[in-house]
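Subject: Structure handover

Hello,

Here is the structure you are taking over. My notes on what was found in it follow below.

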Amino acid sequence: MIATLKAVEASQLQLVEREDIDDEEDLFESIDKLISAGINTGDVKKLQDAGIYTCNGLMMHTKKNLTGIKGLSEAKVDKICEAAEKIVNLGYITGSDALLRRKSVIRITTGSQALAELLGGGIETSAITEAFGEFRSGKTQLAHTLCVSTQLPANMRGGNGKVAYIDTEGTFRPDRIIPIAERFGMDPAAVLDNIVYARGYTYEHQYNLLLGLAAKMSGEQFRLLIVDSVIALFRVDFTGRGELAERQQKLAQMLSRLTKIAEEFNVAVYMTNQVIADPGGGVFISDPKKPAGGHVLAHAATIRLMFRKGKGEQRVCKVFDAPNLPEAEHVFQITPRGIADAKD
């Protein structure tokens, strides 16, 4: 079990048990609380089998979806939802209360001070951060660095939690984690043990992997979910304009699931995206490109970052769209020890 990290020596960090953390308000209510509210244990088990492990997550599903679970009738679903509404308040709150909730948001360092400042402190939890750009622009390199920095304690601008990594392109390299962990003074073996990894092969498999995360995140402290990349399998499994509408619908469902995971468990979702040619990009741009996924993906991402190549190992990150960040860009560098500030 992981919950935090503490310094053992000046250069070494080790994991400590979750119970050692100071008590803090629970961000979600366990689905087991429905039993004390009069819901049958068997029905609660059916919800868990469908990937629903919290009352918060339950309230994020439509009754139509819930009645699709084998063994749950409309009457049972109505009773379950009524009980969950008494446990979780998902109604109106004041702006002051919303501000207080925002204080639970954690910003995870990227390894580059300039990049972290560009993002207002780092990658936000309870939000989806999308990084798009062509190959070798640094998207996956940032993902590997975040695998380590997420496990740093809060006083080192870390996330103090585990990492889930869904790899759809086969680019995750555990050996890449080792020098990055050593850079931050962490035990590489412990860092690797706190990354749960899965290789996705179809868009359906990718969605099922997301459903399976609920069980893990309800029992252990996770702070980051990486999907690298979010669009690759959809571009393979759906071809031609005839399947475009279905592709976008399935993509929207998966992105909705990512949003719910981010908010339900207060984790940062970092997803990479590919780019496609943009014939209407303008005559003054030599090779115009735009992010894949269309408007469906554009509206789902909270923060959109555009990556492009610079000189040598330098890369440029630009805030393409964000609700609370100005449009700006910074240069960072890819090093053997992860993402770092660019050298002059």
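The core finding to begin with is an open sheet of 9 strands with mixed pairing, in the order β7-β6-β8-β9-β5-β12-β13-β14-β15. Strands here are DSSP runs of E of at least two residues, helices are runs of H or I of at least four, and both are numbered from the N terminus. Two strands pair if DSSP finds at least two bridges between them. β7 (195–199) and β15 (338–341) are the edge strands; each has a single partner, so one side of each lacks a neighbour in the sheet. From one strand to the next, the twist averages 25°; angles run from 0 to 180 degrees between N-to-C directions, and axes are lines fitted to C-alpha atoms, for helices over the stretch in contact.

This is a predicted model, in which local features need pLDDT of at least 70 and side-chain atom pairs count only at pLDDT 80 or more, while totals for chains, interfaces and linings use all residues. Residues are numbered from 1 along each chain as its sequence is written, and side-chain values use heavy atoms, with hydrogens and water left out.

Within the sheet, β6 (residues 162–167) and β8 run parallel and are joined by 6 bridges. I166 has V227 in β8 as its bridge partner. Helix α9 packs on the sheet, where it touches β7, β14 (329–335) and β15, and its direction makes about 45° with that of β15. Helix α13 also packs on the sheet, touching β5, β8 and β9, at about 165° to the direction of β8. Contact means heavy atoms within 4.5 Å.

α9 (residues 174–183) also packs against α8 (residues 139–149), at an angle of about 55° and with the axes 9 Å apart. That makes α8 oblique to α9 (under 35 degrees is roughly parallel, over 145 roughly antiparallel, 65 to 115 roughly perpendicular, and the rest oblique). On the α8 side, Q141, H144, T145, C147 and V148 meet R176, I177, I180 and A181 of α9.

Some backbone details are worth a look. Most residues other than glycine have a negative phi, and most peptide bonds are trans. The peptide bond from D228 to S229 is cis, with omega near -5°, and S229 is in the loop between β8 (222–228) and α12 (232–237). R136, not a glycine, has a positive phi of about 65°; R136 is in the loop between β5 (127–132) and α8. N266, also not a glycine, has a positive phi of about 55° and is in the loop between α13 (244–265) and β9 (268–273).

Regards
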